[in-house]
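Please find below a colleague's note, set out as numbered points, to be read alongside the sequence and the structure.

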Amino acid sequence: MELEKKNPITIPPTRQVGSSSGIFKIVYDAAKSVCTVAIIYFFGYMNFSPAWFLAPLIYSVIKNETKKTNEFKRNVAKTSALQNEKDVILARIDELPAWVYFPDVERAEWLNKILRQVWPNVNHYAKDVIKDIIEPNICLALAEYKISGFAFQKMRLGTIPPRIGGIKVYDYNVSRNEIIMDLDIFYAGDCDISFTIKGFTGGIQDFQIHGLVRIVMKPLIKSMPLVGGLQIYFLNNPAIDFNLVGVADVLDMPGLSDLLRRVIVEQVAAMMVLPNKLPILLSNEVPAKNLKFPEPQGVLRVHVVEAKHLMKKDIGVLGKGKSDPYAIITVGAQQFKTKTIDNTIDPKWDFWCEAEVTAPKVQEVQFEVWDWDPVFSGVVNHDFLGRATIEVNTVTKKGQTDTWISLEEAKTGMVHVRMTWLELSDKFSDLRDVSYFSFIIYSCLEMKS
């Protein structure tokens, strides 16, 4: 039997920045050509070596290729959001919905239909959240980098709602007083958001966010609506991507666009990435503190010992130098940073940190290694040296781990990490045992001294 032929998914053409009218585009292209000729004439007039053109040329080629690749991915995702699920599977075979891989994850087409119905109302709610909460926090974050004057002008999330790829409801190892469900959410809509920054006007389009959202319905009560409240949060930092328009030529400078993206990720994490949760109170019978201040299940102690064979990113006098590496440890919305070790590819940090863990079975620990570079004209341009991810569940099963991790998205590099899982207890006897043990250690140290 021959397989039924499917119509291929068409990728929408890339929107051209600054092409609102034909006359403006002609003037823009002419001015750009004149500036290029003037720069070349200036270099020739000053008898500069042609080698000075090599680095900008390489950077321009890499930038254009990266931009084309990112735009293609965004367009594929946006097109997939407009198609039915069968076309999504055929177009993105490497990013199948969660219900395909996991038998306990169910499809949720009924929920997607509900989202389409309520999406216009969500637009109005999101507009207030962006203006009243996210905008002030972005201004404070950008102020640390000497960047001021940020403000949203237009905020429209568009007509395409998020899509739920699958839903999992937990029916074991769960308290009888709560209902826990995980939703695989993906948003690739047609939003139209404009902003001003330092006197320039820009915008955000093709905004995308993908992550695992947990909804906890607790406590269950005996009166309507039978559920006291909701807790909504991302289990780990979601993947966020977007396209900058309007002032793309300015914001695509090395480090500045990454800075804006990093600030947006941090604000999302501060709102609803563990241990931060978005509480919604449904009944006056439930104290608000029960939803806003939940207790963690344990503490993860992380010891970043050292790294070896990192990539060389700094340019020395005699060619390729070394790096000034530092590491960032992320557990949900909690982030820790090691000190910077200068001029080495084998740093020894000996850095300790402890992070609260609320959902050890699904949370992850992410390690990112960066090469520190000085801030130039308010722009942070640190070089990426690789990342690694470890599931917290692997540590809770063993109690502690001691391992070398190979860095991903890097040619070379490994990080030596030790982790210990510490469970919390509400028993007074455990506190007494710990106090007695601490007393013995203190006494031994006193006698030794």
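**Notes on the predicted model**

1. Among contacts in the chain with a separation of 6 or more, 65% are accounted for by residues that lie 24 or more positions apart. The reader should keep in mind throughout that this is a predicted model.

2. As for the chain as a whole, its secondary structure comes to ten helices and 18 strands. The chain has 449 residues, and buried residues make up 39% of them. Its accessible surface comes to about 27800 Å², and carbon and sulfur atoms contribute 60% of that area.

3. Turning to single positions, Gly166 belongs to strand 2, which covers residues 163–169. The relative accessibility of Gly166 is 1%, and because buried means under 20% relative accessible area, this residue counts as buried. Although Gly166 and Asp184 are 18 residues apart along the chain, their C-alpha atoms are separated by 5.4 Å.

4. Ala270, by contrast, is found in helix 7, which runs over residues 256–272. Its relative accessible area is 47%, and since the partly exposed class lies between 20% and 50%, Ala270 is assigned to that class. The C-alpha atoms of Ala270 and Ala333 are separated by 6.3 Å, while along the chain these two residues are 63 residues apart.

5. For anyone checking the model by eye, two C-alpha pairs can be inspected directly: Gly166 with Asp184, at 5.4 Å, and Ala270 with Ala333, at 6.3 Å. The setting of each can be read alongside, with Gly166 buried and Ala270 partly exposed.

Definitions and conventions: Residues are numbered from 1 along each chain as its sequence is written. This is a predicted model: local features need pLDDT of at least 70, side-chain atom pairs count only at pLDDT 80 or more; totals for chains, interfaces and linings use all residues. Side-chain values use heavy atoms; hydrogens and water are left out. Helices (H or I, at least four residues) and strands (E, at least two) are DSSP runs, numbered from the N terminus. Buried means under 20% relative accessible area, exposed over 50%, partly exposed in between (1.4 Å probe, protein chains only). Contact means heavy atoms within 4.5 Å. Accessible areas come from the Shrake-Rupley method with a 1.4 Å probe; for residues, only the protein chains shown count as cover.
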